[in-house]
Amino acid sequence: MALLTQRKNRIDDLADSSAGAGPATSAWRRLRRSPMFFTGATIIGVFVLVAALSPLLAPHDPALHLLEDQVSRAQNKIPPPQEGFPLGGDQYGRDLLSRLLLGSQQTLLVALLATVIGLGGGMVLGTLAGAFGGWVDAVVMRIVDVMLSIPSLLLAVSIGVLFATQTQFSVILAVALVQVPVFARLLRGTMLAQRTSDHVLAARALGVRESAIVFRHMLPNALGPVIVQATLVLAVAIIDAAALSFLGLGAADDSVPEWGQMLGGAQNIIDSHPHLAFWPAGCIIVVALGFTLVGESLRDALDPKRRR
């Protein structure tokens, strides 16, 4: 059965090529046959929908200690699931379900902003290195090499502790700076390949200005792999942001919940109440998996060398 499916996919790919289908059309036809893509897209769609509607879906205010009378630290007692509180409460008597729902919004916000900032910084460095080459390329890539030589989480922690006050912005900036060299190196490589392409050489022979060649011919054709990488980086950003919050480098105010923050708050009672860590950790894993599946599917669909 698997062999027949592979043969059918090859026949369809050949049909696309013979019919003159564009790269985007051919990529979409391959994505339509990918269960991995639809699984990841479904996870991302549900996550974004829940994050957008979380203020309406949350049954209670996540900052209110509604079940505080059921908390007993002396007896290590946590509010269990009950009517109106399907998942029970946390160690402070706050509704766990409401905090999970509102935490999805904060997690999406941190990951999205960190990826956008990292993508913007990486595009600036990658464009400079790939377009000009020479000493500009050498200087930029040495900076990138130094940043890549440090493990990403260690670099994010090092950046996070530089802030006098830990806020959500410090987490976003720390995660974003870690992603800059990844985008810079990828964009630089694709732009160097574009410099020797036929259409760029033809534009130079016609006397087109260098700035126009870079921004009209080289950069647009080099963005495909970068966009795919951004999808994969979203998964990494979610995990890195959760790790920083878990280590205490996130926002100090826990009235605004975030999954990594919730996971860190449950570490002292995880042996007696593991569900307080299970729910936020499970959400982080599932959402990161969704972005990873979509990113891998896009990379397979857009890269002819990786087609099955």
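Helices here are DSSP runs of H or I that are at least four residues long, numbered from the N terminus. Keep in mind as you look around that this is a predicted model.

**View 1. Two stretches that UniProt lists as transmembrane regions.** An unreviewed UniProt entry puts the feature "transmembrane region" at several places, including residues 36–58 and 108–136. Take residues 36–58: this span is 96% helix and 0% strand, and 30 Å separates the C-alpha atoms at its ends. Now hop over to residues 108–136, where the chain is 97% helix and 0% strand. Here the end C-alpha atoms sit 35 Å apart.

**View 2. A leucine patch on the surface.** Four leucines, Leu49, Leu53, Leu56 and Leu57, make up a nonpolar surface patch. Together they offer about 410 Å² of accessible area. Zoom in on Leu57, which belongs to helix α3 (residues 35–57). Is Leu57 buried, partly exposed or exposed? Its relative accessible area is 44%, so Leu57 counts as partly exposed, given that the label covers values between 20% and 50%.

**View 3. Arg94 and its surroundings.** Arg94 turns up in the loop between α3 and α4 (96–132). With a relative accessibility of just 5%, Arg94 is classed as buried, because the cut-off for that label is under 20%. So what does the side chain of Arg94 pair up with? Look for Asp254: a polar contact of 3.4 Å links the two side chains. Setting aside neighbours within four places in sequence, Arg94 also touches several other residues, among them Pro62, His65, Gly88 and Arg99.

Technical notes. Residues numbered from 1 in each chain as written. Predicted model: local features only at pLDDT ≥ 70, side-chain atom pairs only at ≥ 80, totals over all residues. Heavy atoms only, no water. UniProt positions renumbered as here; feature names shortened; annotations may be inferred. Helix = DSSP H or I, 4+ residues; strand = E, 2+ residues; numbered from the N terminus. Patch = residues over 30% accessible without salt bridge, like charges linked within 9 Å, V, L, I, M, F, W, Y side chains within 5 Å. Areas by Shrake-Rupley, 256 points an atom, 1.4 Å probe, with all protein chains shown as cover. Salt bridge = Lys/Arg side-chain N within 4 Å of Asp/Glu carboxyl O. Buried < 20%, exposed > 50% of the residue type's maximum accessible area, 1.4 Å probe, protein only. Polar contact = N/O pair within 3.5 Å; in protein donor to acceptor, adjacent residues only side chain to side chain. Contact = heavy atoms within 4.5 Å.
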